[in-house]
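Good morning, everyone, and thank you for letting me take the floor. I would like to walk through one structure with you slowly, going from the strands to the core and then to a few single residues.

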Amino acid sequence: MIYILNLLLWGIISAKGAPVHDCIGEQCRNIISVPLIDEMKATLKADLDVSKLNSVLHKYILEEVTKAVKVSFDVQMEKAVDEIHGNVTKLMQSDIKTKFDILQDESFKGNTFVRWGRQSCDGTLSSLVYKGYMAGPTHKAQGSGSNYLCLTSNPQAGDVPADWVYSPGLLYGIGWELTGTDRSKSLDHIDDKDVPCAVCLTKGKTTLMIPGRTSCYAEWAKEYTGFLVSSRNEKGFVTTEYVCADEDPEFYGSQNYNHGLIHFVEVKCGSIPCSKYEDKTKLSCVVCSK
Ligand SMILES: *[C@@H]1O[C@H](CO)[C@@H](O)[C@H](O)[C@H]1NC(C)=O
């Protein structure tokens, strides 16, 4: 074993390209001494010229080293490519996850609805955005809007050009008009007093008012139930939209202005099947979210 190691060592040293000279004994670089009877510690030994062997070894070692380096390089490259692939995949995944989280966040931002007739969202599944006054056209209007607004109780005025003086639309507060008796002075009755409203933010993505129901369909959550209201059906009265007033209504003010008015709504059956809706049924409604 010692011989072979020696040979290898010499091979590596001579691979540096030292010229081969004729030489004798232990002074000679290309000659190695080999003990012949090693175990006996005898002095008998042979000097072998290994210069030829060295060049063969040189070539062999170069080839092996090249092979080893090549294999190791391939392995390293493979590792690096794997790592880059892993990193890029991780980056893409985290990018996709971030975008997905943003989308999911946005999709859970919810929706809003107006709770007509109440000034809070208490008892609903939603949180208050703002409260205000139910507003719309006066009951005999022949213009202006037909939809109802929840006019904020916390207004901010914008700048308006001085020459805007021509023929405005008009917005009025809306009063309950349900019994036909002036109850504006009655402490425990909403009638002839003004209608508040609240804008509520749902946890669900969408909201829906269903006329003619007091509960929601499967997989929808109830926000509030109530009764359908609109302007009255009478000659000379303004046309408005139908909205759902809370079943447990509140009021503000105690003066009977008779500006805009909301009335309960009845079904006229016929086109609407009388088997489903008896004539003059006062319509219920429910606001649902999902
Ligand atoms: C891969 O990502 C790790 C951790 O962020 C980093 O240390 C390494 O340098 C990256 N490798 C490459 C090849 O970009």
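Let me begin with a pair of strands: strand 4 and strand 7 run antiparallel to each other and are joined over six bridges, and if you look for Ser-127, you will find that it stands opposite Leu-201 in strand 7. Strand 7 also pairs with strand 3, again in the antiparallel sense, this time over five bridges, and here Val-114 is the residue that stands opposite Val-199 in strand 7.

Before going on, I should say plainly that what we are looking at is a predicted model, so a word on confidence is due, since the definition of pLDDT is the predictor's confidence in each residue. The mean pLDDT of the protein chain is 87, and 82% of its residues reach 70 or more. Please be careful with residues 1-20, however, where pLDDT stays under 50, and for which the model has 22 contacts beyond four places in sequence.

Now for the chain as a whole. Its secondary structure comes to two helices and twelve strands, and, read along the sequence, these follow the pattern α-β-β-α-β-β-β-β-β-β-β-β-β-β. The protein chain has 290 residues, of which 22% count as buried. If we take the contacts between residues at least 6 apart in sequence, 68% of them join residues at least 24 apart.

Let us turn to a second group of strands, around strand 9. Six bridges join strand 9 to strand 12, and the two run antiparallel; within this pairing, Gly-226 has Cys-285 in strand 12 as its bridge partner. Strand 9 pairs with strand 10 as well, in the antiparallel sense and over four bridges, with Phe-227 standing opposite Ala-245 and Val-229 standing opposite Val-243. Strand 9 and strand 11 pair too, antiparallel and over two bridges, and the residue in strand 11 that partners Val-229 is Phe-264.

Which side of strand 10 is covered, one or both? Both faces are, since Val-243 and Ala-245 on one side and Cys-244 and Asp-246 on the other are all buried. Cys-244 in particular touches Trp-116, Met-209, Gly-226, Leu-228, Cys-285 and Val-287, when residues up to four places away in sequence are not counted.

That leads us to the core. The largest nonpolar core has 30 residues, and those with the most contacts inside it include Cys-244, Trp-116, Met-134 and Ile-262. Among the elements that give two or more residues to this core are strand 3, strand 4, strand 7, strand 9 and strand 10, while the largest share, four residues, comes from strand 12.

I would now like to stop at Trp-176, which is found in strand 6, residues 172-176. Why does Trp-176 count as buried? It counts as buried because it has 25 C-beta neighbours inside 10 Å, and the cut-off for that class is 20 or more. Leaving aside neighbours within four places in sequence, Trp-176 is in contact with several residues, including Asp-192, Val-195, Phe-251 and Ile-262. The C-alpha atoms of Trp-176 and Leu-261 are separated by 6.0 Å, although these residues are 85 places apart along the chain.

Finally, we come to the loops and their backbone angles. Most residues other than glycine have a negative phi. Asp-192, which is found in the loop between strand 6 and strand 7, has a positive phi of about 70° although it is not a glycine, and it is buried, with 25 other C-beta atoms within 10 Å. Ser-144, in the loop between strand 4 and strand 5, likewise has a positive phi, of about 60°, but Ser-144 counts as partly exposed, because it has 15 C-beta neighbours inside 10 Å.

Is Asp-248 buried or exposed? Asp-248, in the loop between strand 10 and strand 11, is exposed, because 12 other C-beta atoms lie within 10 Å, and a residue with 12 or fewer falls in that class. As a last point to find on the model, Asp-248 and Gly-117 are 131 residues apart in sequence and 8.0 Å apart in space, C-alpha to C-alpha.

Conventions:
Residues are numbered from 1 along each chain as its sequence is written. This is a predicted model: local features need pLDDT of at least 70, side-chain atom pairs count only at pLDDT 80 or more; totals for chains, interfaces and linings use all residues. Two residues are in contact if their C-beta atoms, placed from the backbone, lie within 7 Å. pLDDT is the predictor's confidence in each residue, from 0 to 100. A nonpolar core is a set of buried Ala, Val, Leu, Ile, Met, Phe, Trp, Tyr and Cys residues joined through C-beta atoms within 7 Å. Two strands pair if DSSP finds at least two bridges between them.
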